[in-house]
Amino acid sequence: MIRKVILALGLTLLGGCAHVGVKPWQRDILARNAMALDSEGNLSGYHDHIYFSKEGSTGGRNASGGGCGCN
Amino acid sequence: MRPSFIPSSLHLARVLRPFAAAVLALSIGVGASVAVPTSAMAVEPDGTLDLSKYRGKVVYVDFWASWCAPCRLSFAYLNQLRASYDSKDLVIVTVNLDRDRKAAANFLQAVGTGLPVVYDPKGAIATRFQVSTMPTSVVIGRDGRQRFVHHGYFDNKTSEYSQHVSALVGEHS
Amino acid sequence: MQLIETGACPVRKLGRIAAGLSMLSANLLGASAALAQDSGDDEPQVVVHDLMKEPAPGPNTYVYDSSILFYKESGSRVQAVEPVFNVQNYLTNGSIISGNFTFDTLTGATPNGATPSTSDQTFNSIVREKTTSTQVTSTGASGGGTVTTIPGTAYAKSSYSVPARTLPLASFHDHRFAGNGGLSWLANPDTRLNVGLGASVERDYTSFTANFGIARDLNQKNTTLSLSVNLEEDISRPYNGTPAPFQELNSQIGGGNDTKATYGVLAGVSQTLARFWITQVNFNLSGSKGYQADPYRIVSVVDPVSGAPLDYLFESRPRSRTRESVYWGNKLALGPTVADVSVRYYHDTWGINSLTAEVSEQIPLGGSLYIKPLYRYYHQTAANFFTYYLVNGNALPAYASSDSRLSRFNANTIGGKIGVRVFKTGEFYVEGESYRQTGAHTVANAPGQLSGLDLFSGVHAISVMTGLRLRM
């Protein structure tokens, strides 16, 4: 059930997004390091290592997207 | 080389600045809130850019913000461009899109530039020029028509940017 | 802090005095920066931002992140120290070259897979003599194992004991070195490609990875679609060779090395929903074929009436596994803070389903410091072949493992991070966390003594991570 909800959300994002978002000059907050999708640096590697070695699951975040959108 | 193009309002501001600075220092000293620069200090009022007064000159309009990392690099090029042309041939106007004026001031102080700044915190000028990425530069010919748009700033493309400017400067309408 | 030169201005002298008095206010007069400044000669100053407002790295930047992890499980189990060095070079043309180097040292003890018993237990195995000085399972957690050569052979008998009513642990120590390198570049302003290669080597395990990905921006970069593929080849080189499934512990192992091949595909979309909110959804599919068992881990065969251990067999796991997961993550700037909220649902063909929910809030305290409390909830169901023990006399199942990693449990992580601005553009950070797994301590209808013993082998671990991230 949860899978279906998240799948639907993903497809909605994919389909209905032409009008959602910000102007290129409105990315001041998104440009911050704290708002990057991969802001944690070495710590995310440590977390992945610990959780992968103690749990049965894999998969998760991906770094692409967001940010200042510059150039 | 010192920039020779200084519009009259800025000249006045330059003379008054030390006095304004002293007044502000005293205000801070008595705990009053710090004044954010008013649009009277800028080249034009916020959100307006009147290009008609530059007709007959090539205009290089550069849109930037303090949070835009390539903008930081672009200023070195803009300073160099300013130094390469006389102010009667080339006008460079930078348009700042920060919502936070303090961040813009902090950036300008670190970058070190004599170029004029127009503040456009609501993005009215950016919308008018259809800015699609940060930074963007729009190069306008002597006839007032938009001739080139540079999307983004890349150090390895500066010769291309300069070629555009020299081509337009070379045109005499 | 620069004094702004005013060139040939007639009130220069007074200007200098005022500027000296009002360095701070001079910063605020943005327009005044447009006044004469001798250009070109000075090294441009670095733009200093508040720590939490620092923009992500841009072109012409190097980022160095050096850190160390101290990890310790309670109950004299695993301890690890792991230094990591990461470097990223952001080039002016939008390319990024990155390198990551990890070294880790693990010591301590780990459950050997057997159940506890009301009597002391002795674990006898036959080991290869050449490995006796370096190996796993030759000593119990409290040390004091014995290894006796079998004359005329290349083998030895190894034996260690575990006291009554304690979870059997086997001690070990290992070192691992891993490195990976990546290159990312723009095919055009809206399309980014990346490739990466990595290798990880420890004494009894080697792993090679390769990945390729593509990310495409749409809607003025408000939407980013990404697709990436990764391939991995693992070589398991256990000290005593690879046991056959359900082979008795106390028997000679004929197998050598074994391998596993894994592919993974990630498809994701990220979308800016507002000036302060970005969200992403990622779908992950991966499959592995090959050796997936733990070559040192056993399962107890117990008496159906008394529950006493009668024999120990090496575990058996399927040679194929397909995994799927869906992840939804968000970053929201709520006022001056940044919240990170995410959920992941996972399912695999071994029968494990899991749900993960994480939340953290990064809170600035002034312009040079932040704190970041975090909480993670995790729940997984057991693999369909997970079992705490096998009952003597019952038919042997196709697969069986008592590895807690495949059992049904909940895990809670609670922790916090502190970040401090150093060297104008750098950050020193410390994070501490407590990770605790909770699960069933007993099994319904456990035979005999087992119904009164604690069968749970999940962990409780404390981690402290600290590091320095520099940008230049």
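In the largest nonpolar core, which holds 64 residues, the members that touch the most others are Cys68(A), Tyr60(B) and Cys68(B). Helix H3 of chain B gives the most to this core, with seven residues. Please keep in mind that this is a predicted model. Below we walk from the cores to chain A and its contact with chain C, and then on to the strands of chain C.

**Nonpolar cores**

- Several elements of chain B give two or more residues each to the 64-residue core. The strands on that list are E1 (58–64), E2 (90–96), E3 (117–119) and E4 (136–140) of chain B.
- The helices on that list are H2 (69–84), H3 (101–111), H4 (124–128) and H5 (158–170), again of chain B.
- Cys68(B) is a good residue to click on: leaving aside residues up to four places away in sequence, Cys68(B) touches Cys68(A) and Cys70(A), as well as Met134(B) and Pro135(B).
- Another core, of 19 residues, lies apart from that one. Its members include Tyr160(C), Val301(C), Tyr388(C) and Tyr399(C).

**Chain A and its contact with chain C**

- Chain A has two helices and zero strands. Of its 71 residues, 58% count as buried.
- Where chain A meets chain C, the contact takes 47 residues from chain A and 68 residues from chain C.
- On the chain A side of this contact, helix H1 (2–15) and helix H2 (42–54) of chain A each supply at least two residues. H1(A) brings the largest share, eight residues.
- Sorted by class, the side of chain A that touches chain C has 23 nonpolar residues, 19 polar residues and five charged ones.

**The E4-E6-E5 sheet of chain C**

- Three strands of chain C make up an open sheet in the order E4-E6-E5, with antiparallel pairing.
- Strand E4 (121–128) and strand E5 (146–149) of chain C each have a single partner strand, so each edge strand has one side without a neighbour in the sheet.
- From one strand to the next, the twist averages 20°.
- E4(C) and strand E6 (residues 155–162) of chain C run antiparallel and are joined by eight bridges. To find the register, look for Arg128(C), which stands opposite Tyr155(C) in E6(C).

**The E14-E13-E19 sheet of chain C**

- Another open sheet of three strands in chain C follows the order E14-E13-E19, and its pairing is mixed.
- Strand E14 (309–314) and strand E19 (390–391) of chain C are the edge strands, each pairing on one side only.
- Strand E13 (residues 298–302) of chain C runs parallel to E19(C), and two bridges join them. Val302(C) has Val391(C) in E19(C) as its bridge partner.

**Strands E2, E3 and E7 of chain C**

- Strand E2 (residues 79–90) and strand E3 (residues 96–111) of chain C run antiparallel, joined by 10 bridges. Asn86(C) stands opposite Asn100(C) in E3(C).
- These two strands, E2(C) and E3(C), form a hairpin with five residues between them. In the turn, Gly94(C) has a positive phi of about 95°.
- E3(C) also pairs with strand E7 (residues 169–188) of chain C, in the antiparallel sense and over 16 bridges. Here Thr105(C) has His175(C) in E7(C) as its bridge partner.
- As you follow these strands by eye, a general point may help: in a regular strand, side chains alternate between the two faces of the sheet.

Note on methods:
Residues are numbered from 1 along each chain as its sequence is written. Chains are lettered from A and ligands numbered from 1 in the order in which they are written. This is a predicted model: local features need pLDDT of at least 70, side-chain atom pairs count only at pLDDT 80 or more; totals for chains, interfaces and linings use all residues. Two strands pair if DSSP finds at least two bridges between them. Helices (H or I, at least four residues) and strands (E, at least two) are DSSP runs, numbered from the N terminus. Axes are lines fitted to C-alpha atoms, for helices over the stretch in contact, and angles run from 0 to 180 degrees between N-to-C directions. A nonpolar core is a set of buried Ala, Val, Leu, Ile, Met, Phe, Trp, Tyr and Cys residues joined through C-beta atoms within 7 Å. A residue is buried if 20 or more other C-beta atoms lie within 10 Å of its own, exposed if 12 or fewer, and partly exposed in between; C-beta atoms are placed from the backbone. Two residues are in contact if their C-beta atoms, placed from the backbone, lie within 7 Å. Ala, Val, Leu, Ile, Met, Phe, Trp, Tyr, Cys and Pro count as nonpolar, Asp, Glu, Lys and Arg as charged, and the others, Gly among them, as polar.
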